[in-house]
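Colleague: I have the model open next to the sequence and would like to go through it with you. Could you start with whichever residue you like and work outwards from there?

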Amino acid sequence: YGALFSPDPGQIVGEVTPAYAALEERVVARIHALMPRARIIYLLRNPIHRAWSQAAMDFSKYGHRGLHTIGDEEIKAFLEGGRVSKHSNYVKNLQAWERFYPPAQIFVGFHEQLVQDPRARLREIYQFLGVDSSDRFIPETAHINQNARQYPSIPDHFARLLAHRFYEGIEQAHERFANSHTAGWVESARRILESPIVT
């Protein structure tokens with residue numbers, strides 16, 4: 001596996017998976033011992049939307065035919081599970097990586113930025129990685145959402161469940177980053193929690 005991160009001269013290599021974000025500190029320490037010069041890219045999304053997207057992805061695999069075929073109780077159990085929670089605890093996850101990697105080697109971006117201007121964000125990531133960020137290396141297809149999944153919008157009762165569950169973490173993220181994106185997460189969660197319950 002380590003051989004994947006042994007580029008030829010003039011090259012850089014990397015891998016992407018959300019699983020890295022929630023690794024335990026001891027695992028991050030081992031990664032750092034093996035690859036102290038690695039650069040870490042952490043892209044954040046409103047935890048409520050991220051959790052629902054994770055459910056949609058999981059219930060479209062492993063023999064499932066899509067989120068619309070799953071009963072509420074099974075969806076609720078998934079959303080309340082530890083894996084969803086770990087992946088949504090952005091500040092804690094980031095702190096584990098920051099204990100070993102300096103700020104210059106960690107890039108934090110936001111889903112909203114990717115939606116608003118994907119070419120600009122890709123250029124910013126290229127610059128962080130120290131590779132050529134000129135127009136000829138920004139693909140014309142950068143604005144196309146790859147591997148997009150179609151799934152139902154989050155129902156009000158699940159939105160409320162996730163807003164309750166992640167509100168504290170959303171506030172922590174806003175305290176940490178204090179930008180328009182995290183402010184939007186806080187506003188959205190408050191609106192969900194303050195909306196009347198329809199029975």
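Modeller: Let me begin with Gly 109, which is buried, with a relative accessible area of 1%; please keep in mind throughout that this is a predicted model.

Colleague: Where does Gly 109 sit, and what does Gly 109 touch?

Modeller: Gly 109 belongs to strand β2, which covers residues 106-110. Setting aside residues up to four places away in sequence, Gly 109 touches Tyr 42, Leu 43 and Leu 44. The C-alpha atom of Gly 109 is also separated by 9.0 Å from that of Ile 125, a residue 16 positions apart from it along the chain.

Colleague: Stepping back, how many helices and strands are in the protein chain, and in what order do the elements run?

Modeller: The protein chain has nine helices and two strands, and from the N terminus on they run α-β-α-α-α-α-β-α-α-α-α. The C-alpha trace spans about 65 × 40 × 40 Å along its principal axes, and buried residues make up 33% of the 199 residues. Among contacts with a separation of 6 or more, 68% are between residues 24 or more positions apart.

Colleague: Is α2 mostly buried or exposed?

Modeller: Of the 12 residues of α2, 10 are buried, so this helix is largely enclosed by the rest of the structure. The buried set includes Trp 52, but also Arg 50 and Asp 58, and the buried residues of α2 pack against α3, α4, α5, α8 and α9. Helix α2, residues 47-58, reaches 16 Å from its first C-alpha to its last, close to the 16 Å expected at 1.5 Å a residue.

Colleague: And what does α8 span between its end C-alpha atoms?

Modeller: Helix α8 spans only 27 Å between its end C-alpha atoms, whereas a straight helix of 22 residues would span 32 Å at 1.5 Å a residue. There is a bend of about 55° in α8 at Phe 166, and Phe 166 is itself one of the buried residues of that helix, as are Tyr 167 and Ile 170 among others.

Colleague: At what angle do α5 and α8 pack?

Modeller: Helix α5, residues 90-98, packs with α8 at an angle of about 50°, with the two axes 10 Å apart. Angles that are neither under 35 degrees, nor over 145, nor from 65 to 115 count as oblique, and α5 and α8 are therefore oblique to each other.

Colleague: Which residues make that contact?

Modeller: From α5 the contact is made by Val 91, Leu 94 and Glu 98, and from α8 by Gln 172, Ala 173, Arg 176 and Phe 177. By type, the residues of this contact divide into four nonpolar, one polar and two charged.

Colleague: What is the phi of Ala 178, just after α8?

Modeller: Ala 178 has a positive phi of about 45° although it is not a glycine. As background, most residues other than glycine have a negative phi. Ala 178 is placed in the loop between α8 (156-177) and α9 (180-194), and because its relative accessibility is 56%, it counts as exposed.

Colleague: Last one, at the other end of α8: is Ser 133 buried or exposed?

Modeller: Ser 133 counts as buried, because its relative accessibility is 16%, under the 20% cut-off. This serine lies in the loop between α7 (118-129) and α8. Leaving aside its neighbours within four places in sequence, Ser 133 is in contact with Arg 123, Tyr 126, Gln 127 and Ile 138.

Terms used:
Residues numbered from 1 in each chain as written. Predicted model: local features only at pLDDT ≥ 70, side-chain atom pairs only at ≥ 80, totals over all residues. Heavy atoms only, no water. Helix = DSSP H or I, 4+ residues; strand = E, 2+ residues; numbered from the N terminus. Buried < 20%, exposed > 50% of the residue type's maximum accessible area, 1.4 Å probe, protein only. Axes fitted to C-alpha atoms, helices over the stretch in contact; angles between N-to-C directions. Contact = heavy atoms within 4.5 Å. Nonpolar A, V, L, I, M, F, W, Y, C, P; charged D, E, K, R; others polar. Expected span 1.5 Å × (residues − 1). Bend = angle between axes of the 7 residues up to and from the residue.
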